[in-house]
Amino acid sequence: MLRVTREKILERWDEIPESLREALFSEENTAILDALTVKYNLNERAAQNLYTVVGHILRGFIHQNNLAQELINDLQIDQSSASAIAGEVASKIFLPVREDLNTVYRPLTEASSGQNQHTAPEQKEIPGQLL
């Protein structure tokens, strides 16, 4: 899974449009993700990874079209389940903010993401954040 430093998350927060900020804190989006974790019987670790990947997409670190592959890699689930989850997330969460998602997508380099650095496991990024 892509590891993003708290510093990079906070920098990106200052750059993303209000619609994406609202999507990150949306109770409706949280309920959608909660329902998907139940529907697809995701364990706590897998559920947290789903939230993290969706959050990274809403911040523009990962492209929305890569969600299914990220789920396969991170959750180690089959292609069919990953595609189904990605489809529901795309239609229910990403579609309303699609234009903004396309404008904020800007992946990090490995060096700036902290991916090759020795860092502690990723913690909750912003207190009170739902995604």
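**Helical architecture and side-chain contacts of the predicted model**

The mean pLDDT of the protein is 85, and 82% of the residues reach 70 or more. The structure described here is a predicted model, and the confidence of the prediction varies along the chain: over residues 110-130 the pLDDT is below 50. Beyond near neighbours in sequence, this stretch nevertheless has 44 contacts in the model. Where pLDDT is low, the predicted coordinates should not be read in detail.

The secondary structure of the protein consists of eight helices and zero strands. Read from the N terminus, the order of elements is therefore α-α-α-α-α-α-α-α. Of the 131 residues in the protein, 44% are buried. The accessible surface comes to about 7300 Å², and carbon and sulfur atoms account for 48% of this area. Among contacts between residues at least 6 apart in sequence, 76% join residues at least 24 apart.

The interior was examined next. In soluble globular proteins, nonpolar side chains tend to be buried together. In this model, the largest nonpolar core has 36 residues. Those with the most contacts inside the core are L33, L58, L67, L71, I85, V89 and F94. At least two residues of the core are supplied by each of α1, α2, α3, α4 (44-58), α5 (67-75), α6 and α7 (98-104). Helix α4 gives the most, with seven residues. The surroundings of L67 illustrate the packing: leaving aside neighbours within four places in sequence, L67 is in contact with V53, I57, A86, V89 and F94. Two of these partners, V89 and F94, are themselves listed with L67 among the core residues that have the most contacts.

Aromatic side chains were considered separately. A pair of aromatic rings is described by the distance of the centres and the angle of the planes. The structure holds one aromatic pair, formed by W13 and F25 in an edge-to-face arrangement, with 5.6 Å from centre to centre and 80 degrees between the planes. The two rings belong to distant parts of the chain, twelve residues apart: W13 is in helix α1 (residues 6-13) and F25 in helix α2 (residues 18-25). With a relative accessible area of 31%, F25 is partly exposed.

Charged side chains provide a further set of links. Side chains of opposite charge can pair when their charged atoms come close. The count for this model comes to five salt bridges. One of them joins R12 to E15, where the closest N and O atoms are 3.8 Å apart. The two partners differ in burial, since R12 counts as buried at 4% relative accessibility, whereas E15 is partly exposed, with a relative accessible area of 44%. R12 and E15 also belong, together with R106, to a network of salt bridges.

A second group of salt bridges involves E88. The side chains of K39 and E88 meet at 2.7 Å, N to O. K39 lies in helix α3 (residues 27-39) and E88 in helix α6 (residues 79-94), so this salt bridge ties together parts that are 49 residues apart in sequence. K39 counts as exposed, at 54% relative accessibility, while E88 is buried, with a relative accessible area of 15%. E88 also forms a salt bridge with K92, in which the closest N and O atoms are 3.1 Å apart. Because E88 and K92 are four residues apart in helix α6, about one helical turn separates them. At 42% relative accessibility, K92 counts as partly exposed. E88 thus takes part in salt bridges with K39 and with K92.

Backbone geometry was also inspected in the loops. N41, in the loop between α3 and α4, has a phi near 55 degrees, a positive value in a residue other than glycine. N41 counts as exposed, at 69% relative accessibility. In the loop between α5 and α6, Q76 likewise has a positive phi, of about 55 degrees, although Q76 is not a glycine. At 68% relative accessibility, Q76 counts as exposed.

Definitions and conventions
Residues numbered from 1 in each chain as written. Heavy atoms only, no water. Buried < 20%, exposed > 50% of the residue type's maximum accessible area, 1.4 Å probe, protein only. Contact = heavy atoms within 4.5 Å. Areas by Shrake-Rupley, 256 points an atom, 1.4 Å probe, with all protein chains shown as cover. Phe/Tyr/Trp six-rings, centres within 6.5 Å; stacked < 30°, edge-to-face > 60°. Salt bridge = Lys/Arg side-chain N within 4 Å of Asp/Glu carboxyl O. pLDDT = per-residue confidence, 0-100. Core = buried A, V, L, I, M, F, W, Y, C linked by side-chain atoms within 4.5 Å.
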